[in-house]
Structures are given as structure tokens and as C-alpha cells.
Amino acid sequence: MQQKIPATVITGFLGAGKTTMIRNLLTNAGGKKIALIINEFGDLGVDGDVLKGCGAENCTEDDIIELTNGCICCTVADDFIPTMTKLLEREQRLDHIVIETSGLALPQPLVAAFNWPDIRSEVTVDGVITVVDSAAVAAGRFADDHDAVDARRAEDESLDHESPIEELFEDQLTCADLIVLNKTDLIDADGLGRVKSEVASRIARKPVMIEARNGEVPASVLLGLGIGTEDDIVNRKSHHELEHEEGAPHDHDEFDSFVVELGAIADTSGFVEKLKGIIAEHDVLRLKGFIDVSGKPMRLQLQAVGARIDQYFDRAWAPDEARSTRLVVIGLHEMDQDAVRKAIEALV
Ligand SMILES: Nc1nc2c(ncn2[C@@H]2O[C@H](COP(=O)(O)OP(=O)(O)OP(=O)(O)O)[C@@H](O)[C@H]2O)c(=O)[nH]1
């Protein structure tokens, strides 16, 4: 019997650096034939676009599959299983499958799907890797204001949760076989020490933690963990699984996303500066997309995680491509979508 194909699940909160790490992984995977399944929150396939653009021969555009019907944890049966089945029917045998979950996905239901008979017979979970934005942890992003949460719960008794961000952060850590403390360039040694203690304090298990900058971790560290996580997934329950009966539907009602479309932008630095103000004012969690810069042949990629914004020209606009500025905005449900949209539209 052929050996099972190993599959690595890469998870981590919005903007932690999952796509950056995978991009790096594809370029140093030493010729391994890899298929990539990407799941993103929001209606703009930014991650897929970024990864397809990296031109790795061992993982071509045909090997990159985008699952766009919501978070992978809620669409396992409809989306993930059929995608895997198709992948396994391919003639050319894969050496490895890498799955990037959305930043809001619970990894547990996805890993549990590897116990479905058709999948289990051919694939095993090599390991779950949770990417952590160390700078965000150091800034207290996941240590929520418990008074505020209690106040919200007092207003709405149906709230059975801790803060949704904190809970999700813990669920993603709970599932990990390896934790990558990324973005260590943005904090000092003391900060890193605090991040390590905070992360360790959130989980009962003690997975290995490594540090990284720009997701630069050798492929030999990320691939080949050989854990078989599907056999242990019952011991890594999410808050949702612990708090609800088995099978109770989980959703992402606490979070929302929308896309803003704009025309060409002439003064990008002015635009970005003002955007920072809007992000801070409305507590936008994540904003990303592409900008049509007036008079420039290249497309500008914009990536905001909280109020930190990166921008770089990633490729030329194709001759047959309609140039436009499109940004996906992700925040908590209570974010005033209309106000954010209007404020961004007013910038051009
Ligand atoms: N300074 C710094 N920036 C980083 C690092 N890793 C990633 N980034 C930046 O952080 C931003 C988000 O990175 P992504 O790789 O898109 O994060 P992600 O986890 O895939 O994001 P989602 O898919 O939206 O959840 C990008 O602007 C990256 O360039 C790092 O180690 N240091």
C-alpha cells in the first residue's frame, strides 16, 4: 500500500503572516510537488493572487485551489472534502498538501475531516502550524478588555462567549503542533519573553514554539512533522466544542467583511496616512487589496494589520486586465460598515 500523503494545516489569526510564510515555503521546498488549498475571509482573493504570483515550479497555478465560500471550518462537507477528493484523483502523485485556513477559521473541524473514511485512507495531517503575530500579542491585541466583554454580555444575554478574538486566538493555539512566533522584528527581547509566556499560558498542551521574521522558516522544519494530528483532535477541543453539544452549528457572526472599490489614486502616501486614521478610529482588524496608482504600470499591493500598513508594487497590470482599486475590510460585526466605507471613499 502506498504511504499516505502528508497534509500540513497552517492557521493563525488575521494578518499573522500565514501567506507570507507559505510563499517562502514554496520557494524552498526542494522540489517537493505541493498542492495548496487556500481559504480566505472576504470576497477578494488576495492570498490566492499573491501565492499564484510567486511562480514556484513545484506548486503551479493549477496546484493552488481557492476555497471562497466562507471559512473552511463551516464548509468542510461542501467544499473541503470534494476538493480533497479531486486532488487525490489526480494522476501525478503529490508529495505534500498545504492548507491555509482563513484567519478566522477554527482548525478543529478541518482536522477532524481527515477522519472521514475516503480521506483518512489516503491522507494524514502532518501537523497543524499556528502562526502568531508576536507584535499584536505584545500590544495586548488578544488580551481583551474583560470589563467591556462583561458589559456587552450584560446587554445581550445570548452572548455565551469571551471576546470572539481572544477565543479564536486560543482555539487556534489549542490545535497547534508547532507555533511560529512571527514578526519578531517588531518587538524587543523583553517583549518576546512576554509573548512566549502569554502564548504558553493560553494552552494546556506544550507544542514547540519557534521564532520567525517574515515567515522565514526552512521547509524542513515546517514539513515532515509526522504527527497524524487527526488521531489527537478529540483532545484539542475549541471553546465552541466545549460549550455546545456536538454538531451545534458554529458561525462567524461576530465578524464581517466588505469590499470597497475606488478609482485610481494619485497620492498614495496621503491615502495611506488617512487610511491609518480610519482603521484606528473604527478598529478595523484587517484591510488588504490592490491599488491602481495613477500613471504607474505596476499594481500596488496594500496590507494593513491593525494600523500597521505595508505597501509594495507586486506586478505590472496585465494588458487585458481592468485596472481598479479594490480593498477588503474585515472587522468585528459591530464595526460601522457604512461609516468606514464612506470614510474610505471620501479619500479619493
Ligand atoms: N514586520 C513584519 N511584517 C510581516 C511579517 N510577516 C508578515 N508580515 C506582513 O504582515 C502582513 C500580513 O501578512 P500575511 O502573510 O498576508 O498574513 P496572513 O496571516 O496570511 O493574513 P490573512 O490571510 O488575512 O489572515 C503583510 O503585510 C506581510 O508583509 C514579519 O515577520 N514582520
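Domain bounds here come from an automatic or database domain assignment. On that basis the protein is divided into domain 1, residues 5–243, and domain 2, residues 255–345. The model you are looking at is predicted.

## The two domains and the whole

Let us start with how the two parts sit relative to each other. The C-alpha centres of domain 1 and domain 2 lie 24 Å apart. Where they meet, 12 residues of domain 1 are in contact with 14 residues of domain 2. What kinds of residues make up the side of domain 1 that touches domain 2? That side divides into 6 nonpolar, 4 polar and 2 charged residues.

Stepping back, the protein contains 13 helices and 12 strands. Its radius of gyration is 20 Å, close to the 20 Å that the globule rule gives for 348 residues, so the protein is as compact as a globular protein of that length. If you follow the C-alpha trace along its principal axes, it spans about 60 × 55 × 40 Å. Of the 348 residues, 40% count as buried. Among the contacts with a separation of 6 or more, 81% come from residues 24 or more positions apart.

## A covered strand and its partners

A good place to look next is strand β5, residues 123–133. This strand is mostly covered, with 11 of its 11 residues buried. Strand β1, residues 5–11, runs parallel to β5 and is joined to it by 7 bridges. β5 also pairs with β6 in the parallel sense, over 5 bridges.

Thr 130 is a handy landmark for tracing these pairings. In β5, Thr 130 has Thr 11 standing opposite, and Thr 130 also stands opposite Ile 179 in β6.

## Two residues with a positive phi

Most residues other than glycine have a negative phi. Two loop residues, Lys 183 and Asn 214, are worth finding in this respect. Lys 183 has a positive phi although it is not a glycine, and Asn 214 is likewise a residue other than glycine with a positive value. The table sets them side by side.

| Residue | Phi | Loop | C-beta neighbours within 10 Å |
|---|---|---|---|
| Lys 183 | about 60° | between β6 (178–182) and α9 (189–201) | 27 |
| Asn 214 | near 50° | between β7 (208–211) and α10 (219–222) | 14 |

Are these residues buried or partly exposed? A residue is buried if 20 or more other C-beta atoms lie within 10 Å of its own. Lys 183 has 27 such atoms around it, so it is buried. Asn 214 has 14 C-beta neighbours inside 10 Å and therefore counts as partly exposed.

## Around the ligand

Finally, turn to the ligand. How many residues surround it? There are 22, and the closest are Gly 17, Thr 19, Thr 20, Gly 103 and Gln 303. By class, this shell has 4 nonpolar, 10 polar and 8 charged residues.

Which element gives the largest share of the shell? That is α1, with 3 residues. Both α1, residues 18–27, and β10, residues 298–305, supply at least two residues each.

The shell also brings us back to the two domains: it draws at least three residues from each of domain 1 and domain 2.

Terms used: Residues are numbered from 1 along each chain as its sequence is written. This is a predicted model: local features need pLDDT of at least 70, side-chain atom pairs count only at pLDDT 80 or more; totals for chains, interfaces and linings use all residues. Helices (H or I, at least four residues) and strands (E, at least two) are DSSP runs, numbered from the N terminus. The radius of gyration is taken over C-alpha atoms; the globule rule is 2.2 Å times the number of residues to the power 0.38. A residue is buried if 20 or more other C-beta atoms lie within 10 Å of its own, exposed if 12 or fewer, and partly exposed in between; C-beta atoms are placed from the backbone. Two residues are in contact if their C-beta atoms, placed from the backbone, lie within 7 Å. Ala, Val, Leu, Ile, Met, Phe, Trp, Tyr, Cys and Pro count as nonpolar, Asp, Glu, Lys and Arg as charged, and the others, Gly among them, as polar. Two strands pair if DSSP finds at least two bridges between them. A residue is near a molecule or strand if its C-beta atom, placed from the backbone, lies within 6 Å of it.
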